[in-house]
Amino acid sequence: MTTINLRKGNTRLPPEVNRVLYVRNLPFNISSEEMYDIFGKYGAIRQIRIGTNKDTRGTAFVVYEDIYDAKTAVDHLSGFNVANRYLIVLYYQQAKMSKKFDQKKKEEEIAKMQEKYGVSTKDK
């Protein structure tokens with residue numbers, strides 16, 4: 001019911017608010033049905049993607065149909081306890097994610113170059 005009130009009022013949302021949520025600190029064995037149960041309470045969900053490989057385990061993306069449903073979910077689920085783990089629910093921000101990826105890629109390139117030319121950064 002609170003979402004209906006938000007829509008009727010001419011409220012401005014912060015610029016970082018969007019329909020895609022990035023969820024961290026999930027239990028590794030959480031199922032997609034459990035994710036739909038937890039996040040579906042706050043509105044219609046378009047898609048949920050749960051991380052499965054070593055780097056992405058414990059994370060997920062949740063895409064809502066409506067931006068106000070996503071805002072309500074972030075407000076209510078940040079810090080929510082699931083299997084003795086407190087969820088971290090954030091709005092997905094492409095710029096921040098690509099910066100992390102670029103940084104990791106650059107570090108890998110530097111490591112390859114150091115290995116290729118026999119340079120070590122460790123103190124002897």
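How many bridges join strand β2 to β3, and in which direction do the two strands run relative to each other? Five bridges join β2, which comprises residues 45–50, to β3, and the two strands run antiparallel. One example of this pairing is Gln-47, whose bridge partner in β3 is Val-63. The model described here is a predicted one, and the following paragraphs lead from its overall plan to its individual elements.

The protein contains four helices and six strands. Followed along the sequence, these elements appear in the pattern α-β-α-β-β-α-β-β-β-α. Of the 124 residues in the protein, 26% are buried. The protein exposes about 9,300 Å², and carbon and sulfur atoms supply 51% of that area. Another view of the fold comes from its contacts: among those with a separation of 6 or more, 66% are accounted for by residues 24 or more positions apart.

The pairing of the strands may now be considered further. Strand β1, residues 20–24, is joined to β3 by four bridges, and these two strands run antiparallel. Within this pair, Val-23 stands opposite Ala-60 of β3, while Val-20 stands opposite Val-63 of β3. Val-63 is thus a partner of Val-20 in β1 and also of Gln-47 in β2. Strand β1 is in addition joined to strand β6, residues 88–91, by four bridges, again in an antiparallel arrangement. Here Leu-21 stands opposite Tyr-91 in β6. In a regular strand, the side chains alternate between the two faces of the sheet.

How enclosed is strand β3 by the rest of the structure? Four of its five residues are buried, so β3 is largely enclosed. The strand spans residues 60–64, and the loop between β3 and helix α3 holds Asp-66. With a relative accessible area of 22%, Asp-66 is partly exposed, because a residue counts as buried only under 20%. Asp-66 and Val-20 are 46 residues apart in sequence, yet their C-alpha atoms are 9.7 Å apart in space.

Asp-66 also leads into the next element, since it caps the N-terminal end of α3. A side-chain oxygen of Asp-66 lies 3.3 Å from the backbone nitrogen of Tyr-68. Helix α3 itself covers residues 67–77, and eight of its eleven residues are buried, so the helix is largely enclosed by the rest of the structure. The buried residues of α3 are Tyr-68, Asp-69, Ala-70, Lys-71, Thr-72, Ala-73, Val-74 and Leu-77. An α-helix has 3.6 residues a turn, so residues three or four places apart point the same way. Just after α3, Gly-79 takes a positive phi of about 90°.

The account ends at the surface. Which residues make a nonpolar surface patch of about 330 Å²? The patch is made by Met-113, Tyr-117 and Val-119. Val-119 lies in the segment after α4, a helix that spans residues 94–117. At 49% relative accessibility, Val-119 counts as partly exposed, because the term exposed is reserved for values over 50%.

Methods:
Residues numbered from 1 in each chain as written. Predicted model: local features only at pLDDT ≥ 70, side-chain atom pairs only at ≥ 80, totals over all residues. Heavy atoms only, no water. Buried < 20%, exposed > 50% of the residue type's maximum accessible area, 1.4 Å probe, protein only. Contact = heavy atoms within 4.5 Å. Areas by Shrake-Rupley, 256 points an atom, 1.4 Å probe, with all protein chains shown as cover. Polar contact = N/O pair within 3.5 Å; in protein donor to acceptor, adjacent residues only side chain to side chain. Patch = residues over 30% accessible without salt bridge, like charges linked within 9 Å, V, L, I, M, F, W, Y side chains within 5 Å. Salt bridge = Lys/Arg side-chain N within 4 Å of Asp/Glu carboxyl O. Pairing = 2+ DSSP bridges.
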